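Visitor: I should like to understand how the descriptive terms applied to this model are justified. Could each term be set against its criterion?

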Amino acid sequence: NVLAGSLILSFFLGMGVLGYHLTCGFEWVDSLLNASMILSGMGPMGELQHDSAKVFAGIYAIVCGLLIFAIAGLMLVPVFHRILHDFHVDDNDKKN
């Protein structure tokens, strides 16, 4: 699950870098900075000049906000699954 979460996170980081590079005209390093800051919930770093860049940044911020919860859930599912197994009672246990 950690590998799946890391792959999803890497994919969306790459999409953000590409989106900032194409819509804002940022250099690759600045695009990486902005995408990682939005993905981590910190906020954008560079000033957005074009309306297309602002629309992209808004949509990317919403997607990343939801993505953080999805990845956290994906990584915590095995832990909760193990806890629920500890509380499970079989039919044989009820008779004793």
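Guide: The discussion below takes helix packing, the nonpolar core, the cysteines and several individual residues in turn. Please keep in mind that this is a predicted model.

Visitor: Why are α2 and α3 called oblique to each other?

Guide: Helix α2 comprises residues 28-39 and helix α3 residues 51-87, and the two pack at an angle of about 50° with their axes 8 Å apart. Angles under 35 degrees count as roughly parallel, and those from 65 to 115 as roughly perpendicular. The angle of about 50° falls in neither class, and α2 and α3 are therefore oblique.

Visitor: Which residues form the contact between α2 and α3?

Guide: From α2, Ala-35, Ile-38 and Leu-39 take part, and they meet Tyr-60, Ala-61, Cys-64, Leu-67 and Ile-68 of α3. By class, this contact holds 8 nonpolar residues, no polar and no charged ones.

Visitor: What makes α1 and α3 roughly antiparallel?

Guide: These two helices pack at an angle of about 175°, and their axes are 11 Å apart. Angles over 145 degrees count as roughly antiparallel, and α1 and α3 therefore receive that description. The residues of their contact divide into 18 nonpolar, 6 polar and no charged.

Visitor: What is known of the largest nonpolar core?

Guide: The largest nonpolar core has 15 residues, and Tyr-20, Cys-24, Leu-48 and Tyr-60 have the most contacts inside it. At least two of its residues come from each of α1 (2-24), α2 and α3. The largest share, 7 residues, is supplied by α3.

Visitor: Which residues does Tyr-20 touch, not counting residues up to four places away in sequence?

Guide: On that count, Tyr-20 touches Gly-25, Phe-26, Ser-31, Asn-34, Ala-35, Ile-38, Leu-48, Phe-56, Ala-57 and Tyr-60.

Visitor: How do you know that Cys-24 and Cys-64 are not bonded to each other?

Guide: A disulfide is a covalent bond between the sulfur atoms of two cysteines. The cut-off applied here is a sulfur separation within 2.5 Å. The sulfur of Cys-64 lies 14 Å from the closest cysteine sulfur, that of Cys-24, which is too far for a bond. A search of the whole structure accordingly finds 0 disulfides, and Cys-24 is in none.

Visitor: Why is Cys-24 called buried, and why Cys-64?

Guide: Buried means under 20% relative accessible area. Cys-24 has 16% relative accessibility and therefore counts as buried. Cys-64, with a relative accessible area of 1%, is buried as well.

Visitor: What makes Asn-34 and Ser-31 buried residues?

Guide: The criterion is again a relative accessible area under 20%. Asn-34, in helix α2, has 2% relative accessibility and so counts as buried. Ser-31, also placed in helix α2, has a relative accessible area of 0% and is therefore buried.

Visitor: Which residues are in contact with Asn-34, and which does Ser-31 touch?

Guide: Leaving aside neighbours within four places in sequence, Asn-34 is in contact with Tyr-20, Phe-26, Pro-44, Met-45 and Gly-46. With residues up to four places away likewise not counted, Ser-31 touches Val-17, Tyr-20, His-21 and Phe-26.

Visitor: Why is Glu-47 called exposed, whereas Gly-46 is called partly exposed?

Guide: Exposed means over 50% relative accessible area, and partly exposed lies between that limit and the 20% limit for buried residues. Both Gly-46 and Glu-47 lie in the loop between α2 and α3. The relative accessible area of Glu-47 is 61%, so Glu-47 is exposed. Gly-46 has 28% relative accessibility and therefore counts as partly exposed.

Visitor: What contacts does Gly-46 make, not counting residues up to four places away in sequence?

Guide: Gly-46 touches Phe-26 and Asn-34 on that count.

Visitor: What makes Ala-70 partly exposed, and where is Ala-70 found?

Guide: Ala-70 is found in helix α3. Its relative accessibility is 47%, and the limit for exposed is over 50%, so Ala-70 counts as partly exposed.

Visitor: How far apart in space are Ala-70 and Ile-8, and Gly-46 and Ile-8?

Guide: From C-alpha to C-alpha, Ala-70 and Ile-8 are 10.0 Å apart, with their positions 62 residues apart in sequence. For Gly-46 and Ile-8, 38 residues apart along the chain, the C-alpha separation is 25 Å.

How values were computed
Residues are numbered from 1 along each chain as its sequence is written. This is a predicted model: local features need pLDDT of at least 70, side-chain atom pairs count only at pLDDT 80 or more; totals for chains, interfaces and linings use all residues. Side-chain values use heavy atoms; hydrogens and water are left out. Axes are lines fitted to C-alpha atoms, for helices over the stretch in contact, and angles run from 0 to 180 degrees between N-to-C directions. Helices (H or I, at least four residues) and strands (E, at least two) are DSSP runs, numbered from the N terminus. Contact means heavy atoms within 4.5 Å. Ala, Val, Leu, Ile, Met, Phe, Trp, Tyr, Cys and Pro count as nonpolar, Asp, Glu, Lys and Arg as charged, and the others, Gly among them, as polar. A nonpolar core is a set of buried Ala, Val, Leu, Ile, Met, Phe, Trp, Tyr and Cys residues joined through side-chain atoms within 4.5 Å. Buried means under 20% relative accessible area, exposed over 50%, partly exposed in between (1.4 Å probe, protein chains only).
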